[in-house]
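Trainee: Hi, do you have a moment to go through a structure with me?
Mentor: Sure, let's put it on the screen.

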Number of protein chains: 2
Amino acid sequence: MPAPDLYRARMKAASRARTNSPAPFPQAAGSNCSAHNCHSCDVRSLSLCDALADSELSRLDRITRRHRTPAGATLIREGDPMTFACNITSGTVRLSRLLHDGRRQVMGFLFPGDFIGLTRRNRFVFSAEAITDTDCCNFALEDLETLSKDNPRLQRKLYEMACSELDAAQEQMLLLGRKSALERVASFLLEVRQRQLQQGDDEDCIILPMTRGDIADYLGLTLETVSRSFSRLRQEQVIEICETYRVDLLDCPRLQDLSGNS
Amino acid sequence: MPAPDLYRARMKAASRARTNSPAPFPQAAGSNCSAHNCHSCDVRSLSLCDALADSELSRLDRITRRHRTPAGATLIREGDPMTFACNITSGTVRLSRLLHDGRRQVMGFLFPGDFIGLTRRNRFVFSAEAITDTDCCNFALEDLETLSKDNPRLQRKLYEMACSELDAAQEQMLLLGRKSALERVASFLLEVRQRQLQQGDDEDCIILPMTRGDIADYLGLTLETVSRSFSRLRQEQVIEICETYRVDLLDCPRLQDLSGNS
DNA sequence: CGGCAGTTTGATCATGTTCAATCACAGTGG
DNA sequence: CCACTGTGATTGAACATGATCAAACTGCCG
């Protein structure tokens, strides 16, 4: 059973810990994206907006359904019919898949700008759970298809997003198939750093809103092994664990070496 | 070092073993696909053809460069600039990635109809090697982009291929992250069966043109572990190893159970 | 026949898992 | 205010799965 309260506490603390914490959703709802000054885009930019000309944005607006999901709650349940796609605008989401006996594989962590729905299946094969309070924009699949039919740029954008995800998935296959526990954890820390750089947080102090168990299920390890790897990196002065969910990357070049990516 | 001669021998034997062995490339070069009666499509159907109206096929024809690669030879070297995409029309190709110290992860095996080039990177991050003699159609990336720019159906087809690959990659992440050795091997056999069903070989006797080492590097195991898993499945009467590279699936339901997919 | 590449099988080893105890921290209630 | 509780993290010890090392086997080709 998840513990929404604790998750929310973690989220709040993590949020506080960020130097320039962005305005949360309720305030941002009426604000406009810098590129288009439009309603559909959020502060952090809704990735589909980039693909649309100003004149087409109102159509996107009309098919957009905003949702807020509290930390610990479920956005999508494994097996749900795939009737909509979803764009995260704030928060962190965990995508995971279960084997019949309860073994879990976390397929990925989603941050603002990330998209759910790049699949040809007619049901979701993973569940999506909010790790922190999460805002997203949902689009009925048929609406999105209608819109993309006469929007080559939107179609192109979807294609590019799928390709990017594929690149990331292949990177993860290499990690899961061939890397040692320490290499996996080092790679993970660098991946999170990379994501947070893209978000504009340009420090070497990274926020990990997910639990050690989540990280373990993402890396194909147990939470104990993840914890031991963190400890070892700390002992070797490569990282500093400021708080459980806040890690300072003291020596990124070293971390790069340890990640196995030459 | 690869052993081209042996690979070729394996391929020939495997080919002979198929009941309805299709005509190899040299003869098929002038033949036309059933759907369009066109030059670009091969007997086994070139996936891009499906997306094009008859009138547009000549444009595809003009940018198509056919290649034959002998077994054991390299189509793409890791690090090569991504200047072209590639559609396999016959044969089997291995996509693999190396870690600096030589550990190898096989990202996938490609069969007729499969496509290389669904990425946003400007260099190939994997190498592609022909396991058997292989025919493919190459397209300069800029030509393909020009063509897809005013062909929404082609753009859509590329998007769908990327999504399919993504679904497959996520399946593989679950396998690599959470399945036991035996479950991985069982899943692999069923995957190959599924692929060969799609190719029209509707028997429970599957052909494995790749070596045990290739399979191991695909499943994140060692070749010894793969071999032992095969032996165990044989002992338990779930499969019969007719020849090294030909396996009879005696009990598919059982294999399904053993694969971990409930 | 001998050599070679690939496979199979056995014995030993090591990495990461499992089981278990303790710690840390926040929230809660007497 | 402080003990009590619950969740998650850390650390230790024993264990197991799969890796590594090694030898024998198979089939093909020269």
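Trainee: Which atom of DNA strand D is 3.0 Å from an N or O atom in the side chain of Arg228(B)?
Mentor: It is a base oxygen of DNA strand D. That pair is a polar contact, a term for N or O atoms within 3.5 Å of each other; within protein, one must be able to donate a hydrogen and the other to accept it, and residues adjacent in sequence count only if both atoms are side-chain atoms. Before we go on, keep in mind that this is a predicted model, where local features need pLDDT of at least 70, side-chain atom pairs count only at pLDDT 80 or more, and totals for chains, interfaces and linings use all residues. Residues are numbered from 1 along each chain as its sequence is written, chains are lettered from A and ligands numbered from 1 in the order in which they are written, and side-chain values use heavy atoms, with hydrogens and water left out.

Trainee: Got it. What do Arg212(A) and Ser227(A) reach on strand D?
Mentor: Arg212(A) has a side-chain N or O atom 2.9 Å from a phosphate oxygen of DNA strand D. Ser227(A) has a polar side-chain atom 2.9 Å from a phosphate oxygen of that strand.

Trainee: Which elements give two or more residues to the surface near DNA strand D?
Mentor: Those are helix 8 of chain A and helix 8 of chain B. Helix 8 of chain A gives the most, with 6 residues. Helices here are DSSP runs of H or I with at least four residues, numbered from the N terminus. A residue is near a strand if one of its heavy atoms lies within 4 Å of it.

Trainee: How many residues surround strand D?
Mentor: There are 18, and the closest are Ser227(A), Arg228(A), Ser231(A), Ala181(B) and Thr225(B). By class they divide into 4 nonpolar, 8 polar and 6 charged. For the classes, Ala, Val, Leu, Ile, Met, Phe, Trp, Tyr, Cys and Pro count as nonpolar, Asp, Glu, Lys and Arg as charged, and the others, Gly among them, as polar.

Trainee: And which residues come nearest to DNA strand C?
Mentor: Of the 20 residues around DNA strand C, those are Ala181(A), Thr225(A), Ser227(B), Arg228(B) and Ser231(B). Sugar and phosphate make up 64% of the strand C atoms that come within 4 Å of the protein.

Trainee: What does Glu224(A) do there?
Mentor: A polar side-chain atom of Glu224(A) lies 3.1 Å from a base nitrogen of DNA strand C. From chain B, Arg212(B) places a polar side-chain atom 3.0 Å from a phosphate oxygen of strand C, and for Ser227(B) the distance to a phosphate oxygen of strand C is 2.8 Å. The largest share of the surface near strand C, 6 residues, comes from helix 8 of chain B.

Trainee: Switching topic: how do helix 7 and helix 8 of chain A sit, roughly parallel or roughly perpendicular?
Mentor: Their axes come within 8 Å and cross at roughly 100 degrees, and they are therefore roughly perpendicular to each other. Axes are lines fitted to C-alpha atoms, for helices over the stretch in contact, and angles run from 0 to 180 degrees between N-to-C directions. Angles under 35 degrees count as roughly parallel, over 145 as roughly antiparallel, 65 to 115 as roughly perpendicular and the rest as oblique.

Trainee: Which residues meet in that pair?
Mentor: Arg212(A), Gly213(A), Ile215(A) and Ala216(A) of helix 7 meet Leu223(A), Val226(A) and Phe230(A) of helix 8. By class, that contact has 5 nonpolar, 1 polar and 1 charged residues. Contact means heavy atoms within 4.5 Å.

Trainee: At what angle do helix 7 and helix 8 of chain B pack?
Mentor: About 100 degrees, with their axes 8 Å apart.

Trainee: Last one: how many residues of chain A are in contact with chain B?
Mentor: 44 residues of chain A are in contact with 44 residues of chain B. The area buried between the two chains is about 4500 Å², with 56% of it from carbon and sulfur atoms. On the chain A side, Arg120(A), Met173(A) and Arg178(A) lose the most area to chain B, together 17% of what that side buries. Buried area is the accessible area (1.4 Å probe) that two parts lose on being put together, summed over both.
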